[in-house]
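Work through the exercises below with the sequence and the coordinates at hand. Each task is followed by a solution in steps.

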Amino acid sequence: MTNLILLGPPGSGKGTQGERLEVELSLPRLSTGDMLREAVKKGTDLGRQVEPIMKSGSLVPDEVVVEIIAERIGQADCGKGFILDGFPRTIPQAEALEAMLTEKGTAVTGVLNIAVPDQVLIDRCVGRRLCSNKECGAIYHVKSNPPAQDNVCDRCGSELLHRSDDRAEAVEERLRNYHRQTEPLEDFYSSRGLLHEVDGVGSPHEVFERTLEALRGVSGGCCE
Ligand code: AMP
């Protein structure tokens, strides 16, 4: 089993690296952010509950995401492992994950901590644009990777979106939450010998090379 966690602040490139790793390792990427956004889009009870919390840049309650993940990792495609993107984000979530994996006779095999300074993160999020077509999922940046035509996806022609939680005030709130609630996970996993640092400043390709390099230190990691 290869059970990986991508740790890193909002905008650090967890999603981008996770998508590449998903292909490289043939493991599903489980993004709680994507799952919650899907619930909001569909207007489910869960979606209505979490929408205002997500818009403000705060974290949704631990029990909500723990339940979503517990259900998801029980599915057949997680039989060989998974890549967690955006979960856990608090110590109670990490403890709940540890307990649910122990119960299944498995464990987290590695944690990749993608480090990026706050100001770089703010610039990235505020300029980030996502293709509204979920099948496409292309990601742009108004300065560093703009589409040929404003607000139109080069790949599929769909409209581009600026996530409401990528606006400046929400990003600053997400970063405050990250430092307060999520950063303690670095010590949590480091004390278990599972933390691997990845310098997240650079092009997606450069960061991916470093991610693969860090994975070589993960038992059962990849890329022999
Ligand atoms: P992300 O796409 O991972 O940045 O997540 C977007 C938003 O979803 C976050 O700002 C939170 O409001 C919520 N969210 C996603 N994952 C979690 C989690 N593990 N714990 C709490 N809230 C989460």
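Helices (H or I, at least four residues) and strands (E, at least two) are taken as DSSP runs and numbered from the N terminus. The model is a predicted one.

**Exercise 1. Backbone outliers**

Task: Locate Ser26 and Asn151 among the helices and strands, and state the sign of phi for Ser26 and for Asn151.

Solution.
Step 1. Ser26 sits in the loop that leads from α1 to β2. Its phi is positive, about 50°, although Ser26 is not a glycine.
Step 2. Exposed means over 50% relative accessible area, and partly exposed lies between that and the 20% limit for buried. Ser26 has 63% and therefore counts as exposed.
Step 3. Asn151 belongs to the loop between β6 and β7. Phi is positive here as well, about 65°, and Asn151 is not a glycine. With a relative accessibility of 42%, Asn151 is partly exposed.

Task: Which peptide bond is cis, with omega near -5°?

Solution.
Step 1. The bond in question runs from Phe87 to Pro88.
Step 2. Pro88 is placed in the loop between β3 and α5.

**Exercise 2. The sheet of five strands**

Task: Give the strand order of the open sheet of five strands, and decide whether the pairing is parallel or antiparallel.

Solution.
Step 1. The order reads β2-β3-β1-β4-β8, and the pairing is parallel.
Step 2. β2 (29-31) and β8 (195-199) are the edges; each has a single partner strand, so one side of each lacks a neighbour in the sheet.
Step 3. On average, neighbouring strands of this sheet are turned by 25° against each other, direction ignored.
Step 4. Inside the sheet, β1 (residues 2-7) and β3 (residues 81-85) are parallel and joined by five bridges. Asn3 has Phe82 of β3 as its bridge partner.
Step 5. Helix α1 (residues 14-25) packs on the sheet and touches β1, β2, β3 and β4 (110-115), with its direction at about 170° to that of β3. Helix α2 (residues 32-42) also packs on the sheet, in contact with β2 and β3, and its direction makes about 55° with that of β2.

Task: Which side chains along β8 are buried, and which are not?

Solution.
Step 1. β8 pairs with β4 in the parallel sense over five bridges. Leu112 has His196 of β8 as its bridge partner.
Step 2. The side chains of β8 alternate: His196 and Val198 point to one face and are buried, whereas Leu195, Glu197 and Asp199 point to the other and are not.

**Exercise 3. The sheet of three strands**

Task: What is the order of the open sheet of three strands, and which are its edge strands?

Solution.
Step 1. The order is β6-β5-β7, with antiparallel pairing.
Step 2. β6 (139-141) and β7 (160-161) are the edge strands, each pairing on one side only.
Step 3. β5 (residues 128-131) pairs with β7 in the antiparallel sense over two bridges. Leu130 is opposite Leu161 in β7.
Step 4. Helix α6 (residues 118-127) packs on this sheet, touching β5 and β6, and its direction is at about 40° to that of β5.

**Exercise 4. Two helix pairs**

Task: Classify the packing of α4 and α5 from its angle.

Solution.
Step 1. Helix α4 (residues 62-73) and helix α5 (residues 91-103) pack at about 25°, and their axes are 10 Å apart.
Step 2. Angles under 35 degrees count as roughly parallel, and α4 and α5 are therefore roughly parallel to each other. Their crossing is right-handed.
Step 3. Residues in the contact include Val65, Ile69 and Ile73 of α4 and Ala96 and Met100 of α5. By class, the contact of α4 with α5 has nine nonpolar residues, one polar and one charged.

Task: Do the same for α1 and α9.

Solution.
Step 1. α1 and helix α9 (residues 204-215) pack at an angle of about 55°, with their axes 10 Å apart.
Step 2. That angle makes α1 oblique to α9. α1 passes α9 in a right-handed crossing.
Step 3. Among the residues that meet are Arg20, Leu21 and Glu24 in α1 and Phe208, Thr211 and Leu212 in α9. The contact of α1 with α9 divides into seven nonpolar, four polar and two charged residues.

Conventions
Residues numbered from 1 in each chain as written. Predicted model: local features only at pLDDT ≥ 70, side-chain atom pairs only at ≥ 80, totals over all residues. Heavy atoms only, no water. Pairing = 2+ DSSP bridges. Axes fitted to C-alpha atoms, helices over the stretch in contact; angles between N-to-C directions. Contact = heavy atoms within 4.5 Å. Parallel < 35°, antiparallel > 145°, perpendicular 65-115°, else oblique. Left-handed = near helix turned anticlockwise from the far one by under 90°. Nonpolar A, V, L, I, M, F, W, Y, C, P; charged D, E, K, R; others polar. Buried < 20%, exposed > 50% of the residue type's maximum accessible area, 1.4 Å probe, protein only.
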